[in-house]
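Work through the exercises below with the structure open beside you. Try each task before reading its solution.

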2 protein chains.
Amino acid sequence: MIVCVIGLGLLGGSFALGLKARKTPVTILGVDSNPLHARQAYNRGIADKILSLEEAVMRADLVVLATPVNVILHQLPAVLDKLPANATIIDFGSTKQQLCEAVAAHPKRNQFVATHPIAGTEYSGPEAAFASLLHGKTMIICEKEKSRPASLALVEALCHSLTMPLRYMPAAEHDLHFAYVSHLSHISSFALGLTVLDKEKNQKNIFDMAGSGFSSTVRLAKSSPQMWGPIFTQNRENVSEALAGYIAQLQQFKEAIDAQDEELTKAMMAKANDIRKILG
Amino acid sequence: MIVCVIGLGLLGGSFALGLKARKTPVTILGVDSNPLHARQAYNRGIADKILSLEEAVMRADLVVLATPVNVILHQLPAVLDKLPANATIIDFGSTKQQLCEAVAAHPKRNQFVATHPIAGTEYSGPEAAFASLLHGKTMIICEKEKSRPASLALVEALCHSLTMPLRYMPAAEHDLHFAYVSHLSHISSFALGLTVLDKEKNQKNIFDMAGSGFSSTVRLAKSSPQMWGPIFTQNRENVSEALAGYIAQLQQFKEAIDAQDEELTKAMMAKANDIRKILG
């Protein structure tokens, strides 16, 4: 199988390495607008060849769009136009609704399978990629009824071979859920980093005094602005709703603390402790 | 040396286990108002004997108060009253200013060393304790000039033997810093847990969809309300200021997202990325 990976960063690179770690032979054609990333991906064995987008797509059985979501929004219809008749295209975008709408009326819509692998780290680029990133991680597939059976079956089989459990859901539902369980986490972490950096001009203080609690809460503040900016823009209504809910919870905490209402803060924390039931 | 540990939970228990793991012989007298915790601590070898507070304090060379900060506030003057003339007392509270003020005029003030080990996990109780929790973690000492040289030297030597680096600072400065680098992280995490639990009535959805990012950001929401409620109350002015700053950052994010001002969200994230320089 010939797989064209467009965007050789953390996710695209890890997907390629994961495919190569299986027994089934696979050729990876790599495409990246950043020549340094392309070279790094080639040197690390992520891509067998670096080609232009046109050349790579023409030869592919499967095309993977692993670029930021604003780039996917433009690439998806353009690549679909050029996609060979027997080929399939997937994307790894963290938002799904706008992407699906952008190709809803495309004559080759059924060659597209809208996917979102629930995996990542706070690092980015080909140097951050590793073969096991996707192992055991859930792959969400949206609007599966709009993909032709052969394309859907190919993607499902690939996920199975990478030990990725599958979940299916409408694109709008996907975007709403991820505003809460992912996008909000990132903003809470970016804002925490900003608040502490603003206050603590002496960065050595943060380093010395920050227990592991702060490190884990602020970890996502290391994430890439180029990747996350477009996600928040594309999912702005859901993210805005989630943020409003979060700010309201924080304000309630603040009011309870200001009023020395310790029974209320304890009750809120006890309710938040329910997260133990879910995350163990 | 005979050490009396009052409060046999995560921190008190781990401190006792850490002392026992050294070569120097030590006897731990355990005190806990919860009979189950006392039994668990005895069974795990955290305490060699379980005694009443009075009996244990009377025999101790060193007393450690490892109870919630509201309890320490009452125990510290009461235990100081009974403390043998050659003994030293320390506390593991996450707030320092109110505790120091409570004994500022106590005739035995100089037998007290105000300490805060920067260590913990989201779990609590003697079953969560482990010998290496404090290894390599910073110990903050406040108002060292108010402790007598022999007591200060004992505590410094103990920290050295546990490989804990020392930092000294005024109590008011301690409480201000920790509002930002610790207390705020916990509230951000509790509020995140509440927001997501409120929205996602179907908890299986959270479990399936939450990537590792959500897990790490929400981890502290598992923390003990009994421990954290009194910390927020005692440090309410600093915590309230930190929360106000955090809410303002979140509101700025929300406004930028609502206005589709992606340049601003990216600039805020790029600034937050500076946390990489500190936390690596």
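The exercises that follow concern a predicted model.

**Exercise 1. The interface**

Task: Find how many residues each of chain A and chain B gives to the contact, and describe the side of chain A that touches chain B.

Solution.
1. Chain A contributes 88 residues to the contact, and chain B contributes 88 residues.
2. Between them the two chains bury about 8400 Å², of which 66% is on carbon and sulfur atoms.
3. There are 26 residue pairs in polar contact between chain A and chain B.
4. Several elements of chain A each supply at least two residues of the side that touches chain B, among them strand E8 (166-169), helix H7 (171-199) and helix H12 (262-272).
5. H7(A) gives the largest share, 19 residues.
6. Sorted by type, this side of chain A has 44 nonpolar, 27 polar and 17 charged residues.

**Exercise 2. Salt bridges between the chains**

Task: State how many salt bridges cross the interface of chain A and chain B, and examine the pair A:Lys271 and B:Asp198.

Solution.
1. Side chains of opposite charge can pair when their charged atoms come close.
2. The interface of chain A and chain B holds 4 salt bridges.
3. One salt bridge is between A:Lys199 and B:Glu241, with the closest N and O atoms 3.0 Å apart.
4. Another salt bridge is formed by A:Lys271 and B:Asp198, at 3.7 Å from N to O.
5. A:Lys271 belongs to helix H12 of chain A and B:Asp198 to helix H7 of chain B, so this pair joins two chains.
6. A:Lys271 has a relative accessible area of 48% and is therefore partly exposed.
7. B:Asp198, at 34%, is also partly exposed.

**Exercise 3. Two salt bridges inside chain B**

Task: Which parts of chain B does the pair B:Lys20 and B:Asp48 tie together, and where do B:Glu122 and B:Arg219 lie?

Solution.
1. B:Lys20 and B:Asp48 form a salt bridge of 2.7 Å, N to O.
2. B:Lys20 is in helix H1, while B:Asp48 is in the loop between helix H2 and strand E3, so the pair ties together parts 28 residues apart in sequence.
3. B:Glu122 and B:Arg219 form a salt bridge of 2.6 Å, N to O.
4. B:Glu122 sits in the loop between strands E6 and E7, and B:Arg219 in the loop between helices H9 and H10, 97 residues apart.
5. Both B:Glu122 and B:Arg219 are buried.

**Exercise 4. A:Glu143**

Task: Decide whether A:Glu143 is buried or exposed.

Solution.
1. A:Glu143 is in the loop between strand E7 and helix H6 of chain A.
2. Its relative accessible area is 15%.
3. Buried means under 20%, so A:Glu143 is buried.
4. Residues that A:Glu143 touches include A:Cys100 and A:Met169.
5. The side chains of A:Glu143 and A:Arg109 make a polar contact of 3.0 Å.

Methods. Residues numbered from 1 in each chain as written. Chains lettered and ligands numbered in written order. Predicted model: local features only at pLDDT ≥ 70, side-chain atom pairs only at ≥ 80, totals over all residues. Heavy atoms only, no water. Contact = heavy atoms within 4.5 Å. Buried area = accessible area lost by both parts, 1.4 Å probe. Salt bridge = Lys/Arg side-chain N within 4 Å of Asp/Glu carboxyl O. Polar contact = N/O pair within 3.5 Å; in protein donor to acceptor, adjacent residues only side chain to side chain. Helix = DSSP H or I, 4+ residues; strand = E, 2+ residues; numbered from the N terminus. Nonpolar A, V, L, I, M, F, W, Y, C, P; charged D, E, K, R; others polar. Buried < 20%, exposed > 50% of the residue type's maximum accessible area, 1.4 Å probe, protein only. Lists of a residue's contacts leave out its neighbours within four places in sequence.
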